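User: Please look over the model shown here, and then let us go through it in questions and answers.

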Amino acid sequence: MFGLDSKDTKLLIVVALLVILAPFILNPFPTDSALAQFNAGYPDLMQRFVIFGIFAIGFNILFGLTGYLSFGHAAFLGVGSYAAVWMFKLLSYNVIPAIALSVIVAALFSVLIGYISLRRSGIYFSILTLAFAQMSFALAYSVLSNPKFNLTNGETGLQVYPGDPQVLHHEGLPDVPHLFGIAMRDNFWEPVFGGWSFTFNNGYYLCAVLLIAVFYLSIRIFRSPFGMMLRAVKSNQQRMNYTGLNARPYTLAAFVISGMYAGLAGGLLAAMDPLAGAERMQWTASGEVVLMTILGGAGTLIGPVLGAGFIKYFENIFSKINDNVLHQWFSFMPDGMEDFMVFVLHPFIGKGWHLTLGLLFMLVVIFLPGGLVEGGQRIAALFRGGRKKRGGAEDGEHHPKPSPHVAE
Amino acid sequence: MGILEVKNVNKRFGGLQALGNVNLSVQENTVHAIIGPNGAGKSTLLNCLVGKLIPDTGSVMFDGQSVLGRHPYEINQMGISRVFQTPEIFGDLTVMENMMIPCFAKRDGAFEMNALSAVGRQKDIIERAEHVLEDMKMLDKRNMHSASLSRGDKRRLEIAMCLSQEPRLLLLDEPTAGMARADTNNTIDLLKQIKEERDITIAIIEHDMHVVFSLAERITVLAQGTPLVEDTPDKIKGHPKVREAYLGESA
Amino acid sequence: MDAFLLQILNGLDKGSAYALIALGLTLIFGTLGVVNFAHGALFMIGAFCAVTVQRILSLSYLTEDPTQKDFLGRPLQVATPYVESWFGTDIGSAIISWSVPLAILFTIPIMLAFGYAMERGLIKYFYKRPHADQILVTFGLAIVLQEIIKLFFGANPIQTPEPDALRGSLDIGILLGLDANAIIYPIWRLVYFFFSVAIIGGIFAFLQFTTFGMVVRAGMADRETVGLLGINIDRRFTIMFGIAAAVAGLAGVMYAPINSPNYHMGMDFLVLSFVVVVVGGMGSLPGAVLAGFLLGILESFASTTWATTTIPGINQIVIYLVAIIILLTRPRGLMGRKGVMED
Amino acid sequence: MSKSNFTRRGVLRTGAVAGAGVALPTIFTSRASAFTNEPTGSTVKVGFNVPQTGPYADEGMDELRAQELAVQHINGEGDGGMLNTFSSKALDGTGILGKKLEFVTGDTQTKSDAARASAKSMIEKDGVLMINGGSSSGVAVAVQGLCQEAGIVFMAGLTHSNDTTGKDRKANGFRHFFNAYMSAAALAPVLAKAYGKDRRAYHLTADYTWGWTQQESVQAATEAMGWETVNNVLTPLASTDFSSYIAPVLNSGADVLVLNHYGGNMVNSLTQAVQFGLRDKQVNGKNFEIVVPLYSELMAEGAGESVRGVYGSMNWNWQLTDAGTQALVKSFGEKYGRPPSGSAQTCYVQTLLYADAVARAGSFNPCAVVEALEGFEFDGMGNGPTLYRAEDHQCFKDVLVMKGKETPTNQFDLLELVEITPRNQVEYPPNHPMFGGDEASLGSCNDGA
């Protein structure tokens, strides 16, 4: 179906179902129970799951397929957001022109940066992209926000002010980002079943539709001759060159496609919440999408989406667990025991979520180079009674193979 | 006029004269070997032919067109395929994928943004790749990870990849280097078979005299960056200068 | 003219910090071929060694002083450092005041051991993995290290002053016959400069004149051949990793009075130090040092009012601009060997 | 998309079965309640959104402590703190309007994006009615805008930029903390008195919005006293070494250095300026002086000995001797073993003020709360008689001028109080040009209905 083989069609349908039913799936615990802490089914986080999923899918087209490790992709997300907010300021709150422009601007920006950065490979490429991203951040944070020429509104973030032109805005349209009158932040259905409550949000479903579309697109790219060429770039550029293939336009195309995915993600971020902060361009933000992709499984189709979900879950749910919550959990224990458990867990929760994330990330890089997807496959293989066939080969996906460690 | 004409090529690295006034003419549909002791400039010459190095002076014409200043991929698109000393294949990809890539390069050129059609639907490419694999008796290994092939099979795959492009000139850089005798003989047989079945010109750089004399129709002897003689294998065998410069030492 | 000299001086100082960090980074890359994103964290840990030593030396016992009140109106608990009660107030406070230089003695073994453990425990499993994996695992390690430091020391910068005797500034202008106040320069920064020159000199001498160093240099040039000679090059490389960590740590210790240590200072320096290494040439020790000083000076000049009014924001981006230009025009850097990661 | 239609129908059917005993799901109605997150149970939730990671994590921690304390006092636990001294007696220690106050916490990371994400999760998931906290102006403006859109009340924590209640003011947002203009207005006369009216100032300014507004304010206020401004140099936020900015100062003819820096920037620039020996020098026949317009306890701690003799301003300090301050210092100090910082006091007071406004309004509706807070005059909260001005939701109260103490006796005793500048000296009209002029408007209150 849709030009995919049956396996990929199944994957697409599973992903689509998960995304569409996410408001149910992510709220498994009754609202009043202690475990409601772990519910993630509220609009903002669901939007973030999907938006950063898009970002990571795009990044994976570059990194997962060609092996070019960019530390500057957050810059494209940032310019995408700025472009979208500028459309809100100048035209209207309709998200269509905003998202369109954010993709276009990100594409132009990535052509420019990609054309220059791709003249080098390996760590040099990484450092070039890093340098570009840091420059963009510095420019956005202060230089381009001076009162005389305020393109980014600096520290505060670019936002819509009442005095902005908004030439296409008229009475009757909501004063928030909307799709032809449907406000992004409104919920269209808030059912309550027994103790459970769920939220169905307009903006989330716009993001969800786009995620499914770009996920489909990325399957097509992975399975296309173009995708094969990108894997060839990663595998052996010398052979590629002597086979009559020019690697640079291939990598540039991959770079620009992934830049456009980032721009789309940036545009959507602004469409869900019309404020664009400069921090989303910082190199650590680029590092975050690297973490997502690796954590989920670079080069796999579904991995980056999982990784994005994982990290955003950590950032938003784990960081909100504080000692009070811990005390509630362990209140069934004797006092000394309770205090001890809280003491042990304290460094890893709440303000310590960075530490947990860092440890987890190291563990994945060391033991699971294929990320969570590889972990899942290993577990699945265990259940299947240890059939010899390794997961990677059967779906034709492309995992970085763990190389043997240096012998002692 | 040969299909490949090298005229007055010079190349210096710092103080070292790597190639001095090299002239070479490879005739169409022949097997032409270039031999010489270590440091004779064989690899430098080869790199000048494929665009990795640019000679200081002189010209390299392929089928009437200069290759100088062109990128390796452009030269390949002109019809020159190269086999490396240690097999260069796409190790992360399967044998079949390895075969399809050169077929795409042949069909679509150096760059083609073919991002939406499934690889599985490229019937002509698959057919062509399978055909060559069958010729090379590797069809049973089509789904193997190419990194897990034996060394001999890797060499065979690399040659198959080159052949699938139907090159007019096939350049082989010491194709049997580091091989066991049996593998070497297999390779010789393979190259003989290729020669018989196809209209193809082969230029081969080789150390191993056994290989050279089993395959070559013409031989150029290189010493210290300059061609000493060029002749048929029989004549070369008896040539005193060659004996002195090369065979004597290696015997 | 004085403004010119002044910025050169400032640049030398900034540059000596860059050079020290980049030197360690290059040692690791040159010997082990590992791209270490945790190197900034090593610098940060060095700085926190200074904090730790300062804390240890000022360990105190409390006595109640009924004449003074604390913020709750209770009698004030006066803290008297043990060293002051052991050696008398004068010597005791002098010891505490010298805690940063004293921390050097503490830092060297700690960082050597730390580097050794890091190489044996983690890095050695990554020699054969792609550079991307090395970057990622060391990046993860950097996050973990800085979060652990934050856990113990908090997020606020911690004041670690230089010794009283080395406080204050020199009027270099007067020494050069210029006006008073034309060129003033903090004494500690001069100390830092000479300290780094000494360390850099020490490392070069060590590599140049000891057998150990010769083997390591040979190994950097051609690891396999040296290995074939029956020399255990891996063990030496492990020690070099320890030394590189110690260099980064020492750079951090002595920098603590200039830049009050905080847990994220490593990340602040990391990007910069990679730029320095790239500009100097991957794997070239003299290149790293040269580029460190050059970039330090360049950054200082870009910060002058003249530069920032000519090109607004140039001080924010000059380092990155230089990196981009060098990478595009001379990818092997100022002094890199031809062919080392030149693509 | 026939597939998803099918799916939704399936869901509806199961939904109807599952919900048979309960109310049927209301489809396509977004809001059943009168205003955002209207509390229905016996508890009511507020959100404390403070930096828990990043450079301001310690400050965030202190804010969090104060907020927890405020919640305890409102719920009648502990000694009641400032509730005993607060001039309004609407709160009786049984929660708010009979509902127990609960709180959730979040991490702003001192990034506007992350702060908004965390605030959104509090609003959407936890159902909070008010968000309080933060330690930078960028975050405050970003979260204030969000609360305005969502229809809940925002009580800003530490935010010092003029914009928060200037051009970015919002009807649902309130600032207890003082601002750059007030700092400058309070400092300038003290500086003129201490250093003379014939001074030449050199500004180093952090290159972002807050830095600019503070620089603008200080320059205007000092020039009004007769000072001259020699130069203003913008320094990148990421700077750690300020030597190239400090070195030219002595040679510029300036005799005062104003450091418009905060946090790590301030700790480093001040330490390095002192290392350069600026404070030992004589220029124009006068002692060279350094001024840090905005002080905080944590910064003073980080800069250590360098703060000695350096002037700055604060919103509040634990050394004040009024009853309110003493009550807070006592309950905070006994619980956490240290005096509260200025931003902690702001967060504590803001939480009480919100609860009090709800109690006085008799409703949790944000618009009723806004109305109760607008023009509210109160006392007993440590800052003397205070007014929440209706026009821009800025608190007006006395401003403290502080100086680094020469001989501190303990780690909390780094700053000394020089002068309490009375409220009328730091007041300004709501349409002051530095605060957005006539264009700035609060907009109308949003309750989310």
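User: How many residues of domain 1 of chain D are in contact with domain 2 of chain D?
Analyst: This is a predicted model, in which local features need pLDDT (the predictor's confidence in each residue, from 0 to 100) of at least 70, side-chain atom pairs count only at pLDDT 80 or more, and totals for chains, interfaces and linings use all residues. Residues are numbered from 1 along each chain as its sequence is written, while chains are lettered from A and ligands numbered from 1 in the order in which they are written. Two residues are in contact if their C-beta atoms, placed from the backbone, lie within 7 Å. On that criterion domain 2 of chain D contributes 15 residues, and the number from domain 1 of chain D is 14.

User: Where do the bounds of domain 2 of chain D fall, and what distance separates its centre from that of domain 1 of chain D?
Analyst: The bounds come from an automatic or database domain assignment, which gives domain 1 of chain D as 43-178 + 318-393 and domain 2 as 181-314. Taken over C-alpha atoms, the centres of the two domains of chain D are separated by 30 Å.

User: Over which residues of chain D does pLDDT stay under 50?
Analyst: Chain D has a mean pLDDT of 88, with 93% of its residues at 70 or more. The stretch under 50, for which the model has 28 contacts beyond four places in sequence, is residues 1-31.

User: How many residues does chain D bring to the contact with chain A?
Analyst: The model scores ipTM 0.87 and pTM 0.89. Chain A brings 39 residues to this contact, and the number from chain D is 43.
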